[in-house]
Structure formats: C-alpha cells, structure tokens
Amino acid sequence: VTLCENTGTISNNYYCNSTSYDTAPHTGGIVGHAKGTSSARISVSSCEVITSKNSKLSSKRGWIGGVIGYAEYTDISSCSNNMSISDAGYYQGGISGQLNNSTMTSCVAEAEITSTQLKNSGGLVGSCSNAVNMSSSSFSGSISSTKDGSFKGLFSGNAAKNSIITINGCSFSGSIDNVAMTDSDLDTRSVAKVGTGASVTL
C-alpha cells in the first residue's frame with residue numbers, strides 16, 4: 001500500500017464489546033487491518049491522512065489509528081496523520097491502533113486523540129505486542145481521556161506482556177490530559193503501561 005491519501009471523515013459505529021483482534025472492529029485512516037505473516041510482511045508507505053473541513057476518525061469500539069487500525073507483521077514508513085481521533089475505541093494511536101511484530105519508520109502524527117474508553121492511547125501507537133521497532137517518528141498534539149485509570153503514553157499506551165519494544169530517535173511535543181510534556185517525562189511516559197516480562201528500550 002503506497003501513496004494513498006484520505007481527507008474524509010471515517011466513523012465506525014459498529015458496537016462490539018469483544019477485545020479480541022479477530023472479532024473486534026479495526027478502523028484506520030488508510031487501512032483498517034493489515035495482517036501479514038513472518039514470511040510475507042505487508043508494507044504501508046508514503047500515505048497521508050489530512051484534515052479537511054473538520055474531518056475526523058472515530059470508532060465506538062476496537063482498534064483505531066490515524067493510518068492503520070491494526071498492524072501485524074507490517075512495516076509502516078513515511079506516513080503521516082493530522083486528523084483528530086475521537087470517541088475512540090479500546091486502543092488508539094496517532095499512526096496505528098496496534099503494532100504487532102511490526103515496525104514504524106519516519107512517520108508523523110499531529111493530532112488530538114481523545115479516548116472515551118478505559119484502555120490505551122499513544123501519540124504514535126495505542127498498544128505494542130511481541131517485537132516492535134519505532135524509529136525517527138514524531139508526535140505533536142494532545143492525548144486525553146474521559147475515563148480515570150486509562151493509560152496514555154507519548155509514543156505508546158501499552159507494551160503487552162513479554163513484548164520487546166525499541167524506540168529510537170522519536171520525538172514529541174504536546175500534552176497528556178492538558179499537562180505539557182517535557183524531556184523529563186520520557187522515561188515514565190514514553191510507554192504508559194509495561195506488561196509483565198516486557199522490555200522498552202529508548
């Protein structure tokens with residue numbers, strides 16, 4: 001998938017309480033669910049999601065991302081999103097709702113991310129699982145939630161159990177719950193929740 005552009009509103013009103021990626025909805029500005037394999041990876045490159053006439057991305061449930069809702073064995077590069085994500089599902093990210101055995105390189109998210117669910121939000125990714133590498137990517141904007149106890153990270157809301165997450169050369173500017181983030185917050189807010197046995201390398 002390459003050189004795609006979206007300027008319109010996408011609303012997923014499918015109401016499903018499943019938290020399984022097999023049955024829950026996936027909503028993305030370009031791709032809903034990119035599912036590759038270890039031997040046949042998917043590439044999504046040079047795609048843009050651009051705000052136009054108050055357009056936005058929204059989903060009642062599931063995974064939602066500025067470019068991809070759920071990415072598995074997928075390599076995302078040189079993609080951008082500046083469309084707001086609101087009324088969001090369980091996992092929401094400025095570029096992808098989920099990265100599972102996937103990579104992100106040279107991507108840019110400039111967005112307001114608002115969660116109405118008690119789950120994970122990240123400037124770049126809602127949640128990461130297994131082996132994930134994010135490099136040379138940036139987030140600017142705001143992340144907020146109407147639910148106390150939600151996990152909100154500058155780059156990722158969550159690192160799943162036993163996952164290996166590498167974040168290299170990524171940058172941010174903006175706020176979480178209306179509190180401006182600074183470099184001193186990198187160690188504790190880059191990934192909001194780190195599961196048992198997971199590792200995060202900055």
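Half of the story here is burial: of the 202 residues in the protein chain, 50% count as buried. Keep in mind as you look around that this is a predicted model. The chain is built from one helix and 25 strands. Its radius of gyration is 15 Å, close to the 17 Å that the globule rule gives for 202 residues, so the chain is as compact as a globular protein of that length.

**Overall shape and surface**

- Along the principal axes, the C-alpha atoms of the protein chain fill a box of roughly 40 × 35 × 30 Å.
- The protein chain exposes about 8,400 Å², and carbon and sulfur atoms supply 45% of that area.
- The chain carries 12 positive and 13 negative charges, and the mean positions of these two sets are 10 Å apart.
- Among contacts between residues at least 6 apart in sequence, 80% join residues at least 24 apart.

**A look around Thr27**

- Thr27 sits in strand β3, which covers residues 26-28.
- Is Thr27 buried or exposed? Thr27 has a relative accessible area of 3%, and because buried means under 20%, Thr27 counts as buried.
- Leaving aside neighbours within four places in sequence, the contacts of Thr27 include Ile10, Asn12, Ser58 and Ser59.
- Trp63, Ile64 and Gly65 are also among the residues in contact with Thr27, and Trp63 leads us to the aromatic rings below.

**The aromatic rings**

- How many aromatic pairs does a search of the whole structure find? The search finds three.
- One pair is formed by Trp63 and Tyr70, which meet edge-to-face, at 5.3 Å centre to centre and with 80° between the planes.
- Trp63 also pairs with Tyr91: the ring centres are 4.9 Å apart and the planes are at 15°, so this pair is stacked.
- Trp63 belongs to strand β8 (residues 63-65) and Tyr91 to strand β13 (residues 91-93), so their pair ties together parts that are 28 residues apart in sequence.
- Ring pairs link Trp63, Tyr70 and Tyr91 into a cluster.

**How covered the ring residues are**

- Trp63 is buried, with a relative accessible area of 4%.
- Tyr70 counts as buried too, at 4% relative accessibility.
- For Tyr91 the relative accessibility is 12%, and Tyr91 likewise counts as buried.

How values were computed
Residues are numbered from 1 along each chain as its sequence is written. This is a predicted model: local features need pLDDT of at least 70, side-chain atom pairs count only at pLDDT 80 or more; totals for chains, interfaces and linings use all residues. Side-chain values use heavy atoms; hydrogens and water are left out. Helices (H or I, at least four residues) and strands (E, at least two) are DSSP runs, numbered from the N terminus. The radius of gyration is taken over C-alpha atoms; the globule rule is 2.2 Å times the number of residues to the power 0.38. Buried means under 20% relative accessible area, exposed over 50%, partly exposed in between (1.4 Å probe, protein chains only). Contact means heavy atoms within 4.5 Å. Accessible areas come from the Shrake-Rupley method with a 1.4 Å probe; for residues, only the protein chains shown count as cover. Lys and Arg count as positive and Asp and Glu as negative; His and the chain ends are not counted. The place of a charge is taken as NZ of Lys, CZ of Arg, CG of Asp or CD of Glu. Rings of Phe, Tyr and Trp (its six-membered ring) pair if their centres lie within 6.5 Å; planes under 30 degrees apart count as stacked, over 60 as edge-to-face and the rest as tilted.
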